[in-house]
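Work through the exercises below with the model open beside you. Try each task before reading its solution.

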Amino acid sequence: MRARSVALALMLIASPLGAQGDVDGLSIGRQMLAEDNPGELWVQRGERLFYEKRGPRGVSLERCDLGLGPGKLEGAFAQLPRYFSDTNSVQDLESRLLTCMVGLQGFKREEIVANRFGTLDKDSDMEALVSFIASKSNGMKMNVPLAHPKEREVYKIGEYLFYRRSGPLDFSCATCHSDEAKRIRLQDLPNMTDPKQVQTVVSTGWPAYRGTQASVRTMQHRLYDCNWQMRLPDLGYASDMSIALTSYLNHRGNGGVIQLPGVRR
Amino acid sequence: MNRRRRTLLAWAGGTAAAAGLIPLRASAANWNKPGFEAKASNDAIKNLGAANLIESKEITITAPDIAENGAVVPVAVTSRIPNTQSISIVAEKNPFPLAATFDMANGAEPYASVRIKMGQTSHVRAVVKAADGRFYTASKEVKVTVGGCG
Amino acid sequence: MSEPMRIRATVQGDVADVRILMRHPMETGQRKDAKGEIVPVHFIQNVVVTHNGRTVVDAQWSQAVSRDPFLGLRVKGAKAGDKIAVTWTDNKGDKRTDEATIVAAS
Amino acid sequence: MPVKRRLLLLLAPALLAAGCASFPDRETIRAGGEDAIAHAYPGMPPALVARSSQDASQKLCSKAPEDKLTAEEARQIVESARASIKYPPSGKLVGDWKIGAQLVANGAGQRVRDGRVEKTRENGALCANCHALDAKEVNAGNLGPSLMGYGAKRGTSDAVVKHTYEKIYNAWLYFPCSNMPRLGASGFLTPEQITHLVAYLVDPQSPVNRN
């Protein structure tokens, strides 16, 4: 049963809002897990990986610019995704880390992508780095810019994709995430059209330690997994679609106070 | 062979390896092999040294009524029984019910919080050993749901 | 090399609240890896917690304790600056010890 | 509030900050969105990528909530739904509620991992993911309405049975753009499977009507 329950990936996250839509009997367990989050072990490992000299070029990530200058991590997560002139594109945290790991450290993109999601047999460096970097914005407010024309365009594309229905089950993101206090089985579905809930999800939702997967999972994984439940093919890692949806959600989460990594079923 | 049987065998085989085939060093001395290898919760409890269990309201089990993930079920036990020496946690319907034993000494409060795997809905039983040699118990049912979309 | 534990130890009055997260696979011996091979049973069997060198909790675990285990306990007669040390030993004989200093609860 | 005005309000601070009046128009966004979809599934087999393309009804049902469906669009969706419905060769619309019970609880089928479709004997009907059906099942979703007592409330007349069958086959016939998947029309469920679901909903012996 263990292997099976771990293999069951879930469509949606437990509501970070707690009481709303909560089924009595679940909340004590959720609270106990949140108080001592194994995700802290990923933060610890991510910190080590960030400062370690790694990759074919044997350099650390201290020269990686996540939008606030090389190596500046405090507040970096809070303003992503954003436009980067060196790549002339809007990037989320994972896409930007890919740029740095390839461009600075000399890793092969395909290798990082192949190991983007850890398994029970192999940890993902990306999941650890994201946990660490996100935690460096704890206590700060989400503050994703829409100043650059590309940022506005990507945001609007994200909105378009949020409502776009397709696939054998006619699902869009909005099918599950635009109404109050809904659940798939017992899993609460946050209403991402509600300003408060979207704030909570983007500032305390991902990265999160997933108990069913025994690993930290990132926003990229969250979108990948939704795609899976929607019966669409494997969503490309750091694809334009994933970044557009993240821009749409994260910008609308501006003002939410960051506390990451979270903990989820 | 059906899935369940395969699973049980795998788990049983694994334990045999843990208990004997793999050379154990420091840990073996203080590990209740017969208790952990017992397949019925009664046997597991007997192997804790308990002949009789006294139901007690002085034991509090904190755990969810519904566990949304059987792989990680938080369980905390608090005993208010004077001179509590040890607390054991038994998931009655697990293939090997005894999950953990905590011996307290030198100022440790009679409290332990841990997370366990549960294969199915079951009672979780706390067994408390007091200095007078008596064993006290309380239990709580934890429902284990299937995966949300599976 | 195993991942260091995360130990949080805070004291309020004279009772320390100790929370320990460990990185360990806690394999039951029934899981198959990506190649379809059974992953051998591998789990922490003993956890010993000391307070200023004296054993306060000696735990025995089965493979039913969850992956990346958590242990919470409380120690009476503690004060800020005291040392908490935790040692786990698994069924392969691997061991790890980490230490933390008790701090006043904020 | 019209969609344009709402968005302008939303974006006003950003526009001012940038000192920029340009604004991606609807067509630019649509084209950008479709381009993002076209590149969203690298390395995937074309047959699976094709799942992400939209039929005419899906396109009409992809509007943001401020952008209402017109009466004409709703008519098109209903018309297309009506044309989609096929009945089982036997003509019998009520199957076996016990088989239905298995299907209702089964949430698997057609999911893709690493470019491969999961192996299942048949697709599950996914019902309990979103609907309460059996009062004894604690693990029920609520994205859709509760269907407990469905048959007990409505009876088992031919009209009820036919409506139920068609509703499962293509929910958009009665509720254009409803959240409910068009389970028969998309081929996710077979007509025969749907008859078992109908039985599960209307049969007096089914847990839906007994518990």
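## Exercise 1: the fold of chain B

Task: state how many helices and strands chain B has, and in what pattern they follow.

Solution. Chain B has 3 helices and 9 strands. Helices (H or I, at least four residues) and strands (E, at least two) are DSSP runs, numbered from the N terminus. Along the sequence the pattern reads α-α-α-β-β-β-β-β-β-β-β-β.

Before going on, note the conventions. Residues are numbered from 1 along each chain as its sequence is written, and chains are lettered from A and ligands numbered from 1 in the order in which they are written. This is a predicted model: local features need pLDDT of at least 70, side-chain atom pairs count only at pLDDT 80 or more, and totals for chains, interfaces and linings use all residues.

Next, burial. Of the 150 residues in chain B, 49% are buried. A residue is buried if 20 or more other C-beta atoms, placed from the backbone, lie within 10 Å of its own.

Last, contacts (C-beta atoms, placed from the backbone, within 7 Å). Of those in chain B with a separation of 6 or more, 64% join residues 24 or more positions apart.

## Exercise 2: chain B against chain C

Task: find which strand of chain C gives the largest share of the side that touches chain B.

Solution. Start with the totals: 37 residues from chain C and 42 residues from chain B take part. On the chain C side, strand 3 (44-51), strand 4 (54-61) and strand 5 (70-76) each supply at least two residues. Strand 4 of chain C has the largest share, 8 residues.

Then sort that side of chain C by residue class: 15 nonpolar, 16 polar and 6 charged. Here Ala, Val, Leu, Ile, Met, Phe, Trp, Tyr, Cys and Pro count as nonpolar, Asp, Glu, Lys and Arg as charged, and the others, Gly among them, as polar.

Now look at the pairing (at least two DSSP bridges between two strands). Strand 4 of chain C pairs with strand 6 (residues 98-104) of chain B in the antiparallel sense, over 5 bridges. One partnership to locate is B:Ala100 with C:Trp61.

## Exercise 3: chain D against chain A

Task: describe the side of chain D that touches chain A, and say which helix gives the most.

Solution. The contact takes 48 residues from chain D and 39 residues from chain A. Elements of chain D that each supply at least two residues include helix 1 (3-18), helix 2 (26-38) and strand 1 (112-113). Helix 2 of chain D gives the most, 6 residues. By class, this side of chain D holds 24 nonpolar, 17 polar and 7 charged residues.

## Exercise 4: a helix pair

Task: at what angle do helix 7 of chain A and helix 2 of chain D pack?

Solution. Helix 7 (residues 149-162) of chain A packs on helix 2 of chain D at about 75 degrees, with the axes 9 Å apart. Axes are lines fitted to C-alpha atoms over the stretch in contact, and angles run from 0 to 180 degrees between N-to-C directions. The two helices are therefore roughly perpendicular (65 to 115 degrees).

Chain A contributes A:Glu153, A:Lys156, A:Ile157, A:Tyr160 and A:Leu161, while chain D contributes D:Ile29, D:Arg30, D:Gly32, D:Gly33 and D:Ala36. These residues divide into 5 nonpolar, 2 polar and 3 charged.

## Exercise 5: confidence

Task: where in chain D is the pLDDT below 50?

Solution. Chain D has a mean pLDDT (the predictor's confidence in each residue, from 0 to 100) of 91, and 90% of its residues reach 70 or more. The pLDDT falls below 50 over residues 1-21 of chain D. For the complex, the predictor gives an ipTM of 0.85 and a pTM of 0.88.

Key. Contact = placed C-beta atoms within 7 Å. Buried ≥ 20, exposed ≤ 12 C-beta atoms within 10 Å, placed from the backbone. Parallel < 35°, antiparallel > 145°, perpendicular 65-115°, else oblique.
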